[in-house]
Amino acid sequence: MGVKVSEDFQEFLRKGEGWKYERLEKDSEMRKVVERVFDASTLLTLYHLINRGTLDRFGGAVSTGKEAHVFRALNPEGEYVAVKIYRVATSDFKNMYRYLVVDPRFRGIHRDRRQVVYAWASREYKNLQRAGEAGVSSPRAIDYEKNVLVMEFMGEEGLPYPRMKDSPPADPERVFRKLLKEVKLLYREAKLVHADLSEYNVLLSPDPILIDFSLGTDVSSPMAEEFLRRDLSNLSNFFRRQGVSVPPLAELLEEVKGEG
Ligand SMILES: Nc1ncnc2c1ncn2[C@@H]1O[C@H](COP(=O)(O)OP(=O)(O)OP(=O)(O)O)[C@@H](O)[C@H]1O
Ligand SMILES: [Mg+2]
């Protein structure tokens with residue numbers, strides 16, 4: 001199966017615009033990238049997503065992370081979407097498992113590599129859905145299957161908005177207040193704690209956009225409080241460095257969780 005799928009898929013990639021830009025013109029280079037990122041099962045999953053009209057053309061890589069790769073692609077309407085592909089073979093599924101078992105939604109999960117990575121992608125999808133329904137500034141969840149998640153592309157002309165880490169806000173005071181509002185909305189309306197919130201997972205458009213929801217945890221989880229503290233102290237540390245006089249953690253917690 002591998003070879004045939006692989007050749008078809010190279011064709012599919014060639015139709016896209018991004019790979020030229022990434023200068024993967026030579027077949028051997030193309031094959032290396034394809035083999036590293038896409039196993040046969042992932043290729044089939046992408047076929048399903050193409051067949052049901054979620055994806056049309058693949059663009060280039062946007063980001064290569066520890067657990068996942070993010071690509072840009074076009075949907076049949078010619079709009080950019082972001083495709084996040086979690087690696088199955090080389091992801092730290094034991095660590096993922098530790099997070100999943102304390103989430104009431106995934107309590108019964110087996111400690112099986114494939115199952116854990118699939119649950120991880122579905123968890124991010126479900127979290128994005130909940131965040132979106134609550135009106136939190138975040139990419140709209142579009143589709144997912146197995147280890148592949150498709151979401152709204154947050155950027156312009158296929159270039160993602162900059163991460164807050166790489167491009168600190170010109171008006172940190174305002175962005176901090178906005179972010180606090182998003183965390184509050186996420187907590188109260190979506191009943192979620194992001195749990196991986198920091199300047200690495202915020203894009204600026206220049207308004208803040210929360211991304212990377214795979215750790216997002218239901219507020220009923222026994223870990224929720226600790227995660228919320230961690231999120232808020234990450235933001236506090238960043239914005240203090242930007243010269244914002246950030247209130248103490250207890251006050252921020254009260255603002256997010258309190259009745260006021
Ligand atoms: N919806 C999106 N639209 C545009 N760009 C995105 C989108 N989601 C992610 N990106 C880009 O990909 C980068 C990595 O995304 P993300 O933080 O979700 O993954 P990661 O940190 O690699 O994954 P993980 O921490 O789960 O291993 C982001 O910094 C951003 O540049
Ligand atoms: Mg991230």
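**Exercise 1.** Find which residues of this predicted model are closest to ligand 1, and work out where ligand 1 lies relative to the domains.

*Solution.* Start with the shell: ligand 1 is surrounded by 21 residues, and S63, G65, E67, P160 and D212 are the closest. Next, look at the elements involved: β1 (57-64), β2 (68-74), β3 (80-86) and β5 (148-152) each give two or more residues to this shell. Then sort the shell by character, which yields ten nonpolar, five polar and six charged residues. Finally, bring in the domains: domain 1 (2-159) and domain 2 (161-257) both contribute residues to the shell, so ligand 1 lies between them.

**Exercise 2.** Check the span of helix α7 (residues 172-188), then decide how its buried residues are arranged around the axis.

*Solution.* Begin with the length. With 17 residues at 1.5 Å a residue, α7 should span 24 Å, and its end C-alpha atoms are 24 Å apart, which agrees. Now list the buried residues of α7: V175, F176, L179, L180, E182, V183, L186 and Y187. Seen down the axis of α7, they fall within an arc of 160°, so they line one face of the helix. It helps to recall that an α-helix has 3.6 residues a turn, so residues three or four places apart point the same way. As a last step, find the partners: the buried residues of α7 pack against α6 (113-133), β8 (192-193), β9 (202-204), β10 (208-210), α8 (224-241) and α9 (249-257).

**Exercise 3.** Place H110 in the chain and decide whether H110 is buried or exposed.

*Solution.* H110 sits in the loop between α5 (93-101) and α6. Count its surroundings: 10 other C-beta atoms lie within 10 Å. A residue with 12 or fewer counts as exposed, so H110 is exposed.

Note on methods. Residues are numbered from 1 along each chain as its sequence is written. Chains are lettered from A and ligands numbered from 1 in the order in which they are written. This is a predicted model: local features need pLDDT of at least 70, side-chain atom pairs count only at pLDDT 80 or more; totals for chains, interfaces and linings use all residues. A residue is near a molecule or strand if its C-beta atom, placed from the backbone, lies within 6 Å of it. Helices (H or I, at least four residues) and strands (E, at least two) are DSSP runs, numbered from the N terminus. Ala, Val, Leu, Ile, Met, Phe, Trp, Tyr, Cys and Pro count as nonpolar, Asp, Glu, Lys and Arg as charged, and the others, Gly among them, as polar. Domain bounds come from an automatic or database domain assignment. The expected span of a helix is 1.5 Å times one less than its number of residues. A residue is buried if 20 or more other C-beta atoms lie within 10 Å of its own, exposed if 12 or fewer, and partly exposed in between; C-beta atoms are placed from the backbone. The arc is that of the directions from the helix axis to the C-beta atoms. Two residues are in contact if their C-beta atoms, placed from the backbone, lie within 7 Å.
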